[in-house]
Amino acid sequence: MADTKKSGAVRCVIVTPEQTSLDTQARSVTLPLFDGLRGVGPGHAHFIGRLNAGEVRIVGEQGGTADAVRRLFVEGGFVEVAHDTVTVITQRAMPADKVDATAARAELEKVSSARAVGDEAIDAKLRAEQAARALVRAARGR
Amino acid sequence: MAKARALDRRRKSVKNIRKITRTMELIATARFKKAMDRSIAARDYTRHLAKILENIGGVGADAAHPLLESRPTKRTAVLVLTGNRGLCGGYNSNIVRQSVALLGQWKSEQVPAQVSVSGKRGISALKFRGVDIAERFTQFEDKPEFAAVAPIGQEFLEAYSAGHIDRLDVVYTRFHSIAKQEAVTETLLPLTPPQTGSGGVKAKLASDEYDFYPSAASILEEILPASFLSRLFKCFLDAAVSEQVARMVAMKAATENAGGLIKSLSRQYNRARQSQITGEIMEILGGVEALKK
């Protein structure tokens, strides 16, 4: 912990139900919070937040160049920021360039053409649509 | 000669069986290690969820979520996790016994139970006992994946919030250690509320450090289903690990037993052969004696 402060880095940990899929040091991390993107650098105030489906961008990872960006697609979840450590807790995480663009588009098509009746179903549909859109965006950003 | 030859044949077949059981033991050992690694890797997620829950509990968000509220049980659901394959000692039968006892209890209380079973062994055993099985899963082997478990959990969550079921019990084999696994019944729905009683002051201090976006209550709402799914997933992982351990132990015992059997058969075979030779010599000697006369 002490050496992260000296180096001005944040530790980024991504945890899925199956495993800890990433544990790395970086200059900053951008998170898809429920209401928009939020960047977290060293010394950020502690918070717990809800994530939307979207991209986590890890900037300036240790061992790479200062501007290198690693992009990961996460399917919602939570984030905990404390003591220069960003812990992303999500059900699914994968590298954004592994997202299959055609499959993502097909998913969006399917979700948006589905009929929803009732408040809850509409909510669920909007959420699914939003997640599918994020997936398509992640695929396009390659 | 006939007896000796029959003994030899039996010895050969026992030797073959020993080869098979030993191989199965080795395979089960390898699978167990892999399953164990997966199970350990999965602990992080649960730990982090628990930490967030603790912080939310500390901030005093009211824990009045539908998933936490316990209703009178009018309809219940039971999920039974068994293996697809046998040859693993009492693993499957323990689960079946446990679930039959549970179902009998619900029956005596006149509560209709919707039974879902994973694993061919459990499906056939429960069918034999006349249990009406609503849903069957046979796709889970030694490596259950979260992506496969999540839809099942989602279905239960939906049924619970729609009021189709008031309770969900999972019958599975909990893994304590290599030496101890036990068939248990765990109630997953309604969820047991996050424990805030322990170290309340400490939890409060910890949570003062955090801001919640959008709010503690809203995060609680989202985190409870996630925590349910992760607990369900843990049941599947535990069942997979326990199955491999059970098979490993059973096959080890079978191999040892086959070794003992081979030893005793060899002894019998040698004795039979020796007495046969002795008999033949006696016959020859008798013939010689007769010729001398």
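The crossing of helix 5 of chain B and helix 7 of chain B is right-handed. I should say at once that the model before you is predicted. Two packed helices are described by the angle between their axes and the distance between the axes. In our case, helix 5 covers residues 146-161 of chain B and helix 7 covers residues 216-292 of chain B; they pack at an angle of about 125 degrees, and their axes are 9 Å apart. Helix 5 of chain B and helix 7 of chain B are therefore oblique to each other.

Which residues of helix 5 of chain B meet helix 7 of chain B? Helix 5 contributes Phe146(B), Val149(B), Ala150(B), Gly153(B) and Leu157(B). On the helix 7 side they meet Pro225(B), Phe228(B), Leu229(B), Leu232(B), Phe233(B) and Phe236(B). Sorted by class, this contact between helix 5 and helix 7 of chain B has 10 nonpolar residues, one polar residue and no charged residues.

Let me turn to the domains of chain B. The domain assignment gives domain 1 as 2-26 + 249-292, and domain 2 as 31-247. The C-alpha centres of these two domains of chain B lie 52 Å apart. Their contact takes four residues from domain 1 of chain B and six residues from domain 2 of chain B. On the domain 1 side that touches domain 2, the largest share, three residues, comes from helix 7 of chain B. By class, that side of domain 1 divides into four nonpolar, no polar and no charged residues.

Helix 7 of chain B also enters the next topic, the contact between the chains. How many residues does each chain supply to this contact? Chain B gives 24 residues, and chain A gives 20 residues. On the side of chain B that touches chain A, helix 1 (2-41), helix 2 (43-59), helix 5, strand 6 (211-213) and helix 7 of chain B each supply at least two residues. The largest share of that side, seven residues, again comes from helix 7 of chain B. The side of chain B that touches chain A comprises 15 nonpolar, four polar and five charged residues.

Finally, I come to the strands at this contact. Strand 5 of chain A, residues 47-59, and strand 6 of chain B run parallel, joined by three bridges. Within strand 6 of chain B, Tyr213(B) is the bridge partner of Gly49(A).

To close, I return to helix 7 of chain B: helix 5 of chain B crosses helix 7 in a right-handed manner, and helix 7 supplies seven residues of the side of chain B that touches chain A.

Conventions:
Residues numbered from 1 in each chain as written. Chains lettered and ligands numbered in written order. Predicted model: local features only at pLDDT ≥ 70, side-chain atom pairs only at ≥ 80, totals over all residues. Axes fitted to C-alpha atoms, helices over the stretch in contact; angles between N-to-C directions. Helix = DSSP H or I, 4+ residues; strand = E, 2+ residues; numbered from the N terminus. Parallel < 35°, antiparallel > 145°, perpendicular 65-115°, else oblique. Left-handed = near helix turned anticlockwise from the far one by under 90°. Contact = placed C-beta atoms within 7 Å. Nonpolar A, V, L, I, M, F, W, Y, C, P; charged D, E, K, R; others polar. Domains from an automatic or database assignment. Pairing = 2+ DSSP bridges.
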